[in-house]
Amino acid sequence: MSILIKNVLHEDTITDVLIEGNRIARIAPNLPSPEGAEVIDGTDKAVIPGFINTHTHAAMTLFRGYGDDLPLMEWLEDYIWPVEAKMTAHDVYVGARLACLEMLRSGTTCFLDMYMHPLETARAVEELGLRAHLSYTLFDQGGAERAALDRKRSYEYYEAFKAFSDRITFTLGPHAIYTVSGEQLQFCHKFAVEHNVKINLHLAETKGEVDECVRQHGLTPVRYLEKLGILSEHLIVAHVVWVDDEEMDLLAKHRVSVVHNPASNMKLCSGYTFKYEEMKKRGIRLGIGTDGCSSSNNLDMVIAMKLASLLGKAWRFSPTATKAADIYHSATIGGAEILEIPAGRIAEGMLADLSLVDLNVPELVPLNSLTSNLVYATSGSSCIDTVIIDGVIRMRDRYVPGQEEIIAEAREVARRLFGHG
Ligand SMILES: [Zn+2]
């Protein structure tokens with residue numbers, strides 16, 4: 001199956017893009033159409049790589065707008081955890097489908113997830129056609145029984161994920177250092193090395209987490225992980241707001257990847273001084289995440305880019321920090337490097353994971369800089385017109401097949417969980 005996109009803006013030129021199978025085969029003007037190819041008119045559109053959301057909890061779309069504006073522990077204990085206790089595997093599937101729909105409509109083609117019932121999320125991803133790294137959440141809080149169950153499930157899920165397509169990858173997801181024992185974190189590291197999978201962990205998110213880590217282990221979070229011997233290129237850590245220079249050196253030395261979640265950090269008041277520039281200077285692979293919809297309220301990576309850029313400037317009083325091009329890089333190439341997939345760029349040989357941007361939306365006019373317009377002026381859901389993933393058209397003219405049913409089903413589940421929808 002081939003797709004030929006005609007007369008589309010790519011960087012500064014109008015060109016054609018030929019997709020063959022799941023790869024970008026050729027980029028050149030006036031390409032002949034191979035027999036049987038699907039031809040898309042790219043006039044007044046730009047082709048961009050799909051965004052890679054490197055930290056989210058897809059099924060939490062169902063929590064959107066529930067228990068907002070509350071202190072963290074009250075929010076978790078009185079709102080989130082009681083509802084999560086009522087959630088069925090099917091609810092996770094329904095929430096993940098809603099998330100996939102929202103991601104497609106805002107130009108995200110790949111994401112890194114952590115949640116319970118990961119096979120349900122995988123089913124949703126398979127159906128909607130995205131690419132995803134999905135973690136099962138390990139959460140033992142030092143309890144031997146749950147720890148043993150989590151270890152058993154890790155093996156089971158690793159095997160069960162083999163039934164899905166190549167777009168779906170199993171990842172380990174120890175929740176955080178304050179909910180998972182050191183021994184269990186070491187199990188994750190060993191498992192990750194043996195099976196060559198990633199580990200997805202929340203780290204150094206709040207000042208309270210750091211203080212508690214020092215109290216319990218006599219070390220700050222990154223030093224604690226170093227002592228456990230689990231810093232490696234398998235590890236992807238989200239948030240990382242509270243780290244010092246030496247800890248950033250350790251992350252760089254061990255090739256740990258870091259994901260910035262500006263909306264969540266601000267809304268939950270976890271901290272706002274994410275050291276993007278310091279980490280970039282050290283060569284740390286950096287990604288952008290939305291986090292779940294309970295703490296960011298949407299999964300729009302274009303909005304996340306704007307927040308990341310503006311926040312990075314604001315706390316430093318530096319308009320030259322966290323430049324649009326750097327943040328755009330993290331949301332595309334950075335994410336692809338973290339997940340080690342040949343994507344994030346529109347170039348021959350790359351995976352055909354891309355979007356067409358509608359250049360006729362008012363906030364993209366004039367087009368002095370597409371990167372600036374994307375990062376600062378628009379939102380993904382207002383300008384993304386077409387999405388292709390793995391060489392398959394998954395959204396066209398802003399329409400995703402089955403979207404009405406996905407929305408209706410999410411409303412129905414929300415009605416049951418919250419009494420309204
Ligand atoms: Zn998270």
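Is D390 buried, partly exposed or exposed? With a relative accessibility of 22%, D390 counts as partly exposed, because the cut-off for buried is under 20%. The structure discussed here is a predicted model.

## Residues with unusual backbone geometry

D390 sits in the loop that joins β15 (384-389) to β16 (392-395). Its phi is positive, about 55°, although D390 is not a glycine.

N297 is another non-glycine residue with a positive phi, in this case near 70°. N297 belongs to the loop between β13 and α11. At 22% relative accessibility N297 counts as partly exposed. A positive phi, near 90°, also occurs at G129, which follows helix α3. The peptide bond from V365 to P366 is cis, with omega near -5°. P366 is placed in the loop between β14 (354-358) and α13.

## Annotated domain

The unreviewed UniProt entry lists residues 47-393 as "domain: Amidohydrolase-related". Across residues 47-393, helix accounts for 45% of the chain and strand for 18%. The C-alpha atoms at the two ends of this range are 14 Å apart.

## Annotated binding-site residues

Under the label "binding site", the unreviewed UniProt entry covers E84, R146, H175, E205 and D291. These residues span 208 residues in sequence, and their farthest two C-alpha atoms are 25.1 Å apart, so they do not all gather at one spot. The lining of the largest pocket nevertheless includes E84, R146, H175, E205 and D291.

R146 and D291 can be described in further detail. R146 is part of helix α4 (residues 144-160) and is partly exposed, with a relative accessible area of 32%. Not counting residues up to four places away in sequence, R146 touches Y136, T137, F139 and D140. D291, by contrast, is in a loop, between β13 (286-288) and α11 (301-314). D291 counts as buried, at 5% relative accessibility. Setting aside neighbours within four places in sequence, D291 contacts H55, T56, H57, H239, N261, S264, S296 and L299.

## Packing of α4 and α5

Helix α4, which holds R146, packs with helix α5 (residues 182-195) at an angle of about 15°, and the two axes are 11 Å apart. The two helices are therefore roughly parallel to each other, since angles under 35 degrees count as such. Their crossing is right-handed. On the α4 side the contact is made by A147, D150, R151, S154, Y155 and Y158. On the α5 side it is made by Q184, F187, F191 and H195.

An α-helix has 3.6 residues a turn, so residues three or four places apart point the same way.

## Packing of α11 and α13

Helix α11 and helix α13 (residues 370-377) have axes that come within 7 Å and cross at roughly 90°. That makes α11 roughly perpendicular to α13. From α11, the residues V302, M305, K306, S309, L310 and K313 take part in this contact. They meet L374, V375 and Y376 of α13.

## Buried residues of α3

Helix α3 covers residues 118-128. Its buried residues include P118, E120, T121, A122, A124, V125 and L128. The helix is followed by G129, the glycine with positive phi mentioned above.

Notes. Residues are numbered from 1 along each chain as its sequence is written. This is a predicted model: local features need pLDDT of at least 70, side-chain atom pairs count only at pLDDT 80 or more; totals for chains, interfaces and linings use all residues. Side-chain values use heavy atoms; hydrogens and water are left out. UniProt positions are given in the numbering used here, feature names are shortened, and annotations may be inferred rather than shown by experiment. On a 1 Å grid over the protein atoms alone, a cavity is a set of points where a 1.4 Å probe fits but cannot get out, and a pocket is an open set with protein on both sides within 12 Å along at least five of seven lines; lining residues have an atom within 4 Å of a point. Helices (H or I, at least four residues) and strands (E, at least two) are DSSP runs, numbered from the N terminus. Buried means under 20% relative accessible area, exposed over 50%, partly exposed in between (1.4 Å probe, protein chains only). Contact means heavy atoms within 4.5 Å. Axes are lines fitted to C-alpha atoms, for helices over the stretch in contact, and angles run from 0 to 180 degrees between N-to-C directions. Angles under 35 degrees count as roughly parallel, over 145 as roughly antiparallel, 65 to 115 as roughly perpendicular and the rest as oblique. A crossing is left-handed if the near helix is turned anticlockwise from the far one by less than a right angle, and right-handed if clockwise.
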